[in-house]
Amino acid sequence: MLSEKYPEFLAQLGELAKDHFNECFIDEQESGPVLIMSSPSPFDEDEEIAYSVQVEDGQNGFVLLQYNIILFTDISEEKLDDLGRAVCYIDPTLPCGNFILIKEGRLMLFRQCAIVPDDIDIQTAIQYSLTTLFIMERIVFNRGNELYGLMNGKVTLEQIKAAQAAQ
């Protein structure tokens, strides 16, 4: 049962992922352990992006796997509304996951969740998780460039809207 073995699952996942990331550790939070990882930002060489993986017991024989990538922090107040609109154009074109703008925290993340059977074996959950993280990373690196360009005045909201309409 993954709900009973999720600390072991997170530890093994972190061990496999550590060669890909700068930092990889388990943070004990009130809601339970969370695997935290970081890597260089593809948008700004002086920044890092953070990843997290968390398991939540969904009861009734299922668990929720939550994956997050924090792309941007300290977003300027002036860009928040445009970024929110841009996300509305980009999200429907994504094969999985969605961008989330948290205005109060002035940050943007990319999230993907999965509901899996609680009796999934750890190795299958790890394989699924690594695949999911790498797919998410590819989406973030590709589509995050548009959002980063919008934040820095190199791309307009109209250009993002037109690009999404052309797809």
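Two strands count as paired if DSSP finds at least two bridges between them. With that in hand, here are some close-ups of this predicted model.

**View A. Strand 3 and strand 4 pair side by side in the sheet.** Strand 3 (residues 48-57) and strand 4 (residues 62-72) run antiparallel and are joined by 8 bridges. Look for Ala50, which stands opposite Ile70 in strand 4.

**View B. Six strands form an open sheet.** Follow the order 1-2-3-4-6-5, with antiparallel pairing. Strand 1 (23-29) and strand 5 (98-102) each have a single partner strand, so one side of each is left without a neighbour in the sheet. On average, neighbouring strands are turned by 25° against each other, direction ignored.

**View C. Two helices lie across strands of the sheet.** Helix 1 (residues 2-17) lies across strands 1, 2, 3, 4 and 6, running at about 15° to strand 2. Helix 2 lies across strand 5 and strand 6, at about 165° to strand 5.

**View D. Helix 3 meets helix 4.** The axes of helix 3 (residues 122-151) and helix 4 (residues 157-166) come within 9 Å and cross at roughly 160°. Angles over 145 degrees count as roughly antiparallel, which makes helix 3 roughly antiparallel to helix 4. Arg143, Glu146 and Leu150 of helix 3 make the contact with Leu157, Ile160, Ala163 and Gln164 of helix 4. By class, that is 4 nonpolar, 1 polar and 2 charged residues.

**View E. Helix 4 has a buried face.** Leu157, Ile160 and Gln164 are buried. Seen down the axis of helix 4, the buried residues fall within an arc of 65°, so they line one face. They pack against helix 2 (80-90) and helix 3. On the other side of helix 4, Glu158, Ala165 and Ala166 are exposed.

Methods
Residues numbered from 1 in each chain as written. Predicted model: local features only at pLDDT ≥ 70, side-chain atom pairs only at ≥ 80, totals over all residues. Heavy atoms only, no water. Axes fitted to C-alpha atoms, helices over the stretch in contact; angles between N-to-C directions. Helix = DSSP H or I, 4+ residues; strand = E, 2+ residues; numbered from the N terminus. Parallel < 35°, antiparallel > 145°, perpendicular 65-115°, else oblique. Contact = heavy atoms within 4.5 Å. Nonpolar A, V, L, I, M, F, W, Y, C, P; charged D, E, K, R; others polar. Buried < 20%, exposed > 50% of the residue type's maximum accessible area, 1.4 Å probe, protein only. Arc of directions from axis to C-beta.
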